[in-house]
Amino acid sequence: MILSSHPHNDRGCGVADAELAVLAGAQRIECCLFGNGERTGNVDAVTLAMNMYSHGVDPHLDFSNMPAICETYERVTRMHVYERTPYAGSLVFAAFSGSHQDAIAKGMTWRKEKNLHEWTCPYIPIDPHDIGRTYDADVIRINSQSGKGGIGFLLQQNYGYNPPPRMREDLGYRVKEVSDHQHKELSVQEVLYVFESSYLNHDAPLRVKAAHYIQNPNSTITANVTVTINNGEPIDCSATGNGRLDAVATALEQATGMHFTLVHYSEHALDTDTDSRACCYVGLKWASGKETWGCGTHTDIIVAGVRALVSAINNK
């Protein structure tokens, strides 16, 4: 005798009933792809098999190309696989919530740092690659609910930018504003545009036309800087600081009458080849308590730092 279970899904318990039946000794489950069948449907073979797979049990069914299975099902039956169908829906691996995106980004980073082979990532029950899906198109999706973690993760994964946390927070507000205004989800390219147009290499109204440095005997640096404001007449100024960027910042304060404190500076390589650009981030705090941010890129790290500083000033 073969004990076969045929649960319907009238109470939304079809998969759960099938799993409990197998645990109780059933040897076969009668099921349908995506829960097709009578009234509310029979057991969904996809959900049942993938539940087993996610716990390390081989269901002996091949779902390694889930998009192709969905396409065939929709073409043959003329029915639609709902976007939130477990494992197969187009939004299954999509995270819009800021807290979810932050957890996923940290989980992905942890896996990479520890070189883990076992799948352990918050909010994603299986590796999307196992069923023919990708991280880039599926996991982190950007709209007005999104947070700094997910937005920063996308920039880093796709374009190499790694802005500091407080800058990511500022960027998050800008991205949300665009998404709210346009009433739509933003693509990775649109997020990049918001980032670069908001922070990258801004040279107006303040522009540094030239900067030359002198190493002093006491290890300080003197910067001789030429600046223009609103494309006006060039202004020559000089100041001494404990480093090149500090000296330039002091010189710009004296030339413009502005007063700010440099509260953040960080840098990293943006490319991997021999002509790699340096990428610098600068955060400034003003007397009002407001913070502004700038990003600068150049093959010379000193120039990149000055560009980031000028961008942060211009964002005031």
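**Close-up views of salt bridges, strands and nonpolar groups**

**View 1. R174 and D170 form a salt bridge in helix α7.** D170 has a relative accessible area of 23% and is therefore partly exposed (buried is under 20%, exposed over 50% and partly exposed in between, with a 1.4 Å probe and protein chains only). The model is predicted: local features need pLDDT of at least 70 and side-chain atom pairs pLDDT 80 or more, while totals for chains, interfaces and linings use all residues. Residues are numbered from 1 along each chain as its sequence is written, and side-chain values use heavy atoms, without hydrogens and water. R174 is also partly exposed, because its relative accessibility is 29%. The closest N and O atoms of R174 and D170 are 3.0 Å apart (a salt bridge needs a side-chain nitrogen of Lys or Arg within 4 Å of a carboxyl oxygen of Asp or Glu). R174 and D170 are 4 residues apart in the helix, so about one helical turn separates them. Helices (H or I, at least four residues) and strands (E, at least two) are DSSP runs numbered from the N terminus.

**View 2. K106 and D102 form a salt bridge within helix α4.** Their side chains meet at 3.0 Å, N to O. Both residues belong to α4, residues 98-114, and lie 4 residues apart, about one turn of the helix. K106 counts as exposed because its relative accessibility is 54%, whereas D102, at 26%, counts as partly exposed. The structure holds 8 salt bridges.

**View 3. R166 and E291 form a salt bridge.** The distance from N to O is 3.2 Å. This pair links distant parts of the chain, with R166 in helix α7 (residues 165-182) and E291 in strand β10, 125 residues apart. R166 is partly exposed at 42% relative accessibility, and E291 is partly exposed at 26%.

**View 4. Strands β9 and β10 pair in the antiparallel sense.** The pairing runs over 8 bridges (strands pair if DSSP finds at least two bridges between them). L284 stands opposite T292 of β10. The hairpin has 4 residues between the strands, and G289 in this hairpin takes a positive phi near 95°. In β10, residues 291-298, 6 of the 8 residues are buried, so the strand is largely enclosed by the rest of the structure.

**View 5. The largest nonpolar core has 25 residues.** V225, L252, L284, L309 and I313 touch the most other members (a core joins buried Ala, Val, Leu, Ile, Met, Phe, Trp, Tyr and Cys residues through side-chain atoms within 4.5 Å). At least two residues each come from β6 (221-229), β7 (235-241), α9 (244-256), β9 (278-286) and α10. Helix α10 gives the largest share, 7 residues. Apart from neighbours within four places in sequence, L252 is in contact (heavy atoms within 4.5 Å) with L206, V208, V225, V227, G257, L309, V310 and I313. A second, separate core of 22 residues includes F63, A105, M108 and C121.

**View 6. L262, Y265, I301 and I302 make a nonpolar surface patch.** The patch covers about 290 Å². Strand β8 (260-269) and helix α10 (301-314) are the elements that give two or more residues to the patch. Patch members have over 30% relative accessible area and no salt bridge; like charges are joined within 9 Å, and nonpolar side chains (Val, Leu, Ile, Met, Phe, Trp, Tyr) within 5 Å. Areas come from the Shrake-Rupley method with a 1.4 Å probe, and for residues only the protein chains shown count as cover. Y265 lies in β8 and, at 35% relative accessibility, counts as partly exposed.
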